[in-house]
Amino acid sequence: LLNRLGATKWQIVPVLLEKPGLRPGQLTGRSPYLQPVHLDGEASAIGGIRQVAITGVKTNSLSGQYHLG
């Protein structure tokens, strides 16, 4: 599945974690293509760059989870 800016599902990308998300325990960050990425994580990670596996591709954003590999 490819979205309009080229991110693919299960691709591993570095994400700059910017702020808390709308749900408790959720963070929002940006991919290298400046796409919003939503994932579960702790607020202490804000400001860091983490490797994230893209698990969902939507029209205007991506979903992901930390990649531990």
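Two strands count as paired if DSSP finds at least two bridges between them. Keep that in mind as we walk through this model, which is a predicted one.

Let's start with strands S2 and S3. S2 covers residues 26-30 and S3 covers residues 36-40; the two run antiparallel and are joined by 5 bridges. To see one of these partnerships up close, find Thr28: its bridge partner in S3 is His38.

Now move over to S1, which spans residues 12-20. This strand runs antiparallel to S4, residues 49-57, and 5 bridges join the two. Here you can look for Val13, which stands opposite Val52 in S4.

S4 has another partner too. It pairs with S5, residues 62-66, in the antiparallel sense over 5 bridges. S4 and S5 make a hairpin, with 4 residues between them. If you want a landmark, go to Val57, whose bridge partner in S5 is Leu62.

So what do the strands build together? There are 5 of them closing into a barrel, in the order S1-S2-S3-S5-S4, and the pairing is mixed. On average, neighbouring strands of this sheet are turned by 50 degrees against each other, ignoring direction.

Let's zoom in on one residue in the barrel, Ser63, which is found in strand S5. Is Ser63 buried or exposed? Its relative accessible area is 19%, and the cut-off for buried is under 20%, so Ser63 counts as buried. Who does Ser63 touch, leaving aside residues up to four places away in sequence? The contacts are His38, Ala53, Ile54, Thr55, Gly56 and Lys58. You've already met His38 as the partner of Thr28.

Next, the charged pairs. How many salt bridges does the structure hold? There are 2. One is between Arg30 and Glu18, with the closest N and O atoms 3.4 Å apart. This pair links distant parts of the chain, since Arg30 sits in strand S2 and Glu18 in strand S1, 12 residues apart. Arg30 is partly exposed, at 32% relative accessible area, and Glu18 is partly exposed as well, at 37%.

There is also a salt bridge between Arg23 and Asp40, where the closest N and O atoms are 3.4 Å apart. Why does this pair tie together separate parts of the chain? Because Arg23 lies in the loop between S1 and S2 while Asp40 is in strand S3, the pair connects parts 17 residues apart in sequence. Arg23 is partly exposed, with a relative accessible area of 47%.

Conventions: Residues are numbered from 1 along each chain as its sequence is written. This is a predicted model: local features need pLDDT of at least 70, side-chain atom pairs count only at pLDDT 80 or more; totals for chains, interfaces and linings use all residues. Side-chain values use heavy atoms; hydrogens and water are left out. Buried means under 20% relative accessible area, exposed over 50%, partly exposed in between (1.4 Å probe, protein chains only). Contact means heavy atoms within 4.5 Å. Axes are lines fitted to C-alpha atoms, for helices over the stretch in contact, and angles run from 0 to 180 degrees between N-to-C directions. A salt bridge is a side-chain nitrogen of Lys or Arg within 4 Å of a carboxyl oxygen of Asp or Glu.
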